Amino acid sequence: MKQFLAFGVTIVLVICLYKSWGSPTNGVSHYAYDDGDGSVIGGEDNAAIDQKHRRAGPSPERLVLSVADRSGQKQQPNDDAAAGRPGPLDDVELALAQSKPQRPPLRKGAFVAGSALERHHVPSLNDLDPDDLDHESRLNELHEAKRQILELERKIQELEGRIPRKYPDVTFLNYKNRKRILITGGAGFVGSHLVDYLMMQGHEVIVADNFFTGRKRNVEHWLGHENFELIHHDIVNPLFIEVDEIYHLASPASPPHYMYNPVKTIKTNTLGTINVLGLAKRVGAKVLIASTSEVYGDPDVHPQPETYWGHVNPIGPRACYDEGKRVSETLSYAYAKQEKVNVRVARIFNTYGPRMHMNDGRVVSNFIIQALQNQSITIYGSGRQTRSFQYVSDLVDGLVSLMASNYTQPVNLGNPVERTIQDFAEIIRDLVGCKSKIIELPAVEDDPQRRKPDISRAKKYINWEPRVPLQEGLMKTIDYFRKELARSNHSQRNIFVPETTEFRSLL
Ligand SMILES: NC(=O)c1ccc[n+]([C@@H]2O[C@H](COP(=O)([O-])OP(=O)(O)OC[C@H]3O[C@@H](n4cnc5c(N)ncnc54)[C@H](O)[C@@H]3O)[C@@H](O)[C@H]2O)c1
C-alpha cells in the first residue's frame, strides 16, 4: 500500500512539474496573442510570427504594442490617457495624424462650430467679428489707393501733355563737329536764348542753374531732348563734368535781384567764377565770362571803350555786382596767364526780349508791364539819363561769335543807338497803344547817367554788330508779356521759341 501511495504522489508531482515547466508557447508571451485578425497564434515560433507581420504590415494595435514595448512598459495604451499623461498612444496618434493629409488652417469665424464644422458661413454686417471689420477697412483702403492711383495717372497725362512732343528743329552734327557745352545760369533770360541757339546748331547743351532768378519753364521746350540736360546746381560749389566750352552766365543781373543778397552775389561772381575757371582748366575747355557794362560804373568817358577802367563806387549799393564782375574779369585773366586757360570776356550792355523777368525792376520790363496794365509809367530821375538797349538774339550772336574767335581781350556787346529814358517810355506807350501817364520819381542812388557802348572792337575782331531794330524787338517783347499777363493758371503755357532766322549764324 505504501508503495502504491508513493507511486501516486510521484505521478502527481510529475504532472505538476510538467505544468510548471510550461509549454513551448510560453516564450511567445503576449506577442502571440492576436495577429490583428482575432485568431490566436499560439504554437508558432517568433520567427514565423515576425515573418507573418512583415507580410501583413503592422496594424495600429500592433504599433501600439510595439511602442509600449519600446518604452519598456507593458501597460495598456489607455492607462496614460486615463491618467492625463502623455503616453505611447500620443506618439501613435501623432504619427497617424502626420500621415493624414493636412487641412489648411481655418480662419476663425469662417466656419460654424459643431456638426457643420466645414460648412461655409456667409457673414452679415451684424454678426461680423473684429477680423471681418478689419477686412472691411482693408477693402476701403484698397478702394482709396485705387482712386489715388487713377488721380495720379490723370495728373501724369496732364504733365506729359505740357511737354512738347515735337522739339524745335535741330541741325544734325556728327560726333566730330558736335560740342558739349555748359551754360551756367542757362535757365535765366539771356542763358535760355543761348540754349536755343546752341541746341538749334546741333550741340549738346548742359545747363547748370540754381533757379534763383531763372526758371525751368524758360527751357522747358528742350526738356527730354537727347542733346539737352538741366542740372540744378549752385555754382558757388564745384561742378565736375566733361565739356568742351563753358558760357559762365550764372549771376543775378537786375538791381533788385543782386541787391537782395549782396554777399551771395559776390560769392557767385568770385567763388563761382573760380569754380568755372577751375573746371575749364581741368578739362581744357574754352570759357566765356559774362561781364557787364557795370564795370564802367557811372562813366566819365562817353561812349565807353573797353580800354576805359571805369568809375565804380566800391562800397555803394551796386558794388556787390559791379565789383563782383570786376573780380570775375581779373580772375579770368589770372587763370589765362597762370594756368593757360583759354578765356573770353563779354561786357554786356542792357539787353531786353521775351523771358525777361516781369518784375525785376529793369527799364524795359517795367515800362511794358505798366503800359499793358494801363498804369502810369514811372521814370526814376529826370528821364534825361540815356540807355542803349539791344535785343537778346543780337547778344546771343555776339556771345557765340566771341567764343568762336581768337580774340581774348574784353569785348563790349551792346547796341550803340542811345536814347533817353523819356524816349523809351513814349515809344513803349505808343507800341502798346495805351494812354498811360509818364510820371517822375526820385532818382536812384549810383544810377549811371549815360551808358553807350563803343563797339568798334566787336566790329573789328568778331565782325559783330546788332541788327534787330528797336521797334521790332519791342513788339516781340510786348507780345510775350501780354501772353504772360493773360495766364491765370499753370496749364496755360506761354512758350516762346525763337525763329531760326533770328540768329545770324543760323541763317
Ligand atoms: N540782361 C542784361 O541786360 C545783362 C546786362 C549785363 C550783364 N548781364 C549778365 O548776363 C548774365 C545773364 O543775365 P540775365 O539777364 O539772363 O539774368 P537772369 O537773372 O535772368 O539769369 C541769371 C541766371 O543765373 C542763375 N544763377 C544765379 N546765381 C546762381 C548761382 N549761384 N548758381 C547757379 N545759377 C545761378 C539764375 O537762377 C538765372 O537763371 C549775368 O551774368 C549778367 O550779369 C546781363
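**Exercise 1. Strand 5 and its partners**

Determine in which sense strand 5 and strand 6 pair in this predicted model, and over how many bridges.

*Solution.* Step 1. Strand 6 comprises residues 343-348, and its pairing with strand 5 is parallel, over six bridges. One of the positions to inspect is Ile289, whose bridge partner in strand 6 is Val345.

Step 2. Strand 5 also runs parallel to strand 4, and four bridges join these two strands. Here Glu245 has Lys286 of strand 5 as its bridge partner.

Step 3. Strand 4 in turn pairs with strand 1 (residues 180-184), again in the parallel sense and over four bridges. Within strand 4, His248 is the residue opposite Thr184.

**Exercise 2. The whole sheet**

Establish the order of the seven strands in the open sheet, and identify which strands stand at the edges.

*Solution.* Step 1. The order is 3-2-1-4-5-6-11, with parallel pairing.

Step 2. The edges are formed by strand 3 (228-232) and strand 11 (411-413); each has a single partner strand, so one side of each lacks a neighbour in the sheet.

Step 3. On average, and with direction ignored, neighbouring strands of this sheet are turned by 20° against each other.

Step 4. Two helices can now be placed on this framework. Helix 9 lies across strands 1, 4 and 5, and runs at about 170° to strand 4. Helix 10 lies across strand 5 and strand 6, at about 155° to strand 5.

**Exercise 3. Burial in strands 4 and 5**

Decide whether the residues on the two faces of strand 4 are buried or exposed, and do likewise for Ala290.

*Solution.* Step 1. In a regular strand, side chains alternate between the two faces of the sheet. In strand 4 (residues 245-248), Glu245 and Tyr247 lie on one side, with Ile246 and His248 on the other. All four are buried, and both faces are thus covered.

Step 2. Ala290 is located in strand 5. The criterion for burial is 20 or more other C-beta atoms within 10 Å. Ala290 has 26 such atoms and is therefore buried.

Step 3. Beyond its neighbours within four places in sequence, Ala290 is in contact with His248, Leu249, Ala346 and Ile348. Its C-alpha atom is also 6.4 Å from that of Val345, although 55 residues separate the two in sequence.

**Exercise 4. The nonpolar cores**

Find which residues of the largest nonpolar core touch the most other members, and which helix gives the most to this core.

*Solution.* Step 1. The core has 73 residues, among which Val287 and Leu399 touch the most other members. Helix 7 gives the most to this core, with eight residues.

Step 2. Apart from this core lies another, of five residues, including Ala253, Ala319, Cys320 and Tyr321.

Step 3. For Leu399, the contacts other than those within four places in sequence are Leu194, Tyr247, Leu288, Ala346 and Leu413.

**Exercise 5. The shell around the ligand**

State which residues come nearest to the ligand, and how the residues of the shell divide by chemical character.

*Solution.* Step 1. Of the 28 residues around the ligand, those that come nearest are Gly185, Gly188, Thr213, Gly214 and Ala253.

Step 2. The shell divides into 13 nonpolar, 13 polar and two charged residues.

Step 3. Helix 7 (189-201), helix 9 (262-283) and strand 5 (286-292) each supply at least two residues of the shell. Helix 7 gives the most, with three.

**Exercise 6. Loop residues and backbone geometry**

Classify His203, Arg355 and Asn374 as buried or exposed, and state which peptide bond involving Pro303 is cis.

*Solution.* Step 1. His203 lies in the loop between helix 7 and strand 2 (204-209). It is buried because it has 21 C-beta neighbours inside 10 Å. Its C-alpha atom is 6.8 Å from that of Asn227, 24 residues away along the chain.

Step 2. Most residues other than glycine have a negative phi, and most peptide bonds are trans. Arg355 has a positive phi, near 75°, and Asn374 likewise, near 55°.

Step 3. Arg355, in the loop between strand 7 (351-352) and helix 11 (363-372), is buried, with 25 C-beta neighbours inside 10 Å. Asn374, in the loop between helix 11 and strand 8 (377-380), is exposed, with 11 other C-beta atoms within 10 Å.

Step 4. The cis bond runs from His302 to Pro303, with omega near -15°. Pro303 belongs to the loop between strand 5 and helix 10 (319-339).

Note on methods. Residues numbered from 1 in each chain as written. Predicted model: local features only at pLDDT ≥ 70, side-chain atom pairs only at ≥ 80, totals over all residues. Near = placed C-beta within 6 Å. Nonpolar A, V, L, I, M, F, W, Y, C, P; charged D, E, K, R; others polar. Buried ≥ 20, exposed ≤ 12 C-beta atoms within 10 Å, placed from the backbone. Pairing = 2+ DSSP bridges. Core = buried A, V, L, I, M, F, W, Y, C linked by C-beta atoms within 7 Å. Contact = placed C-beta atoms within 7 Å. Axes fitted to C-alpha atoms, helices over the stretch in contact; angles between N-to-C directions.
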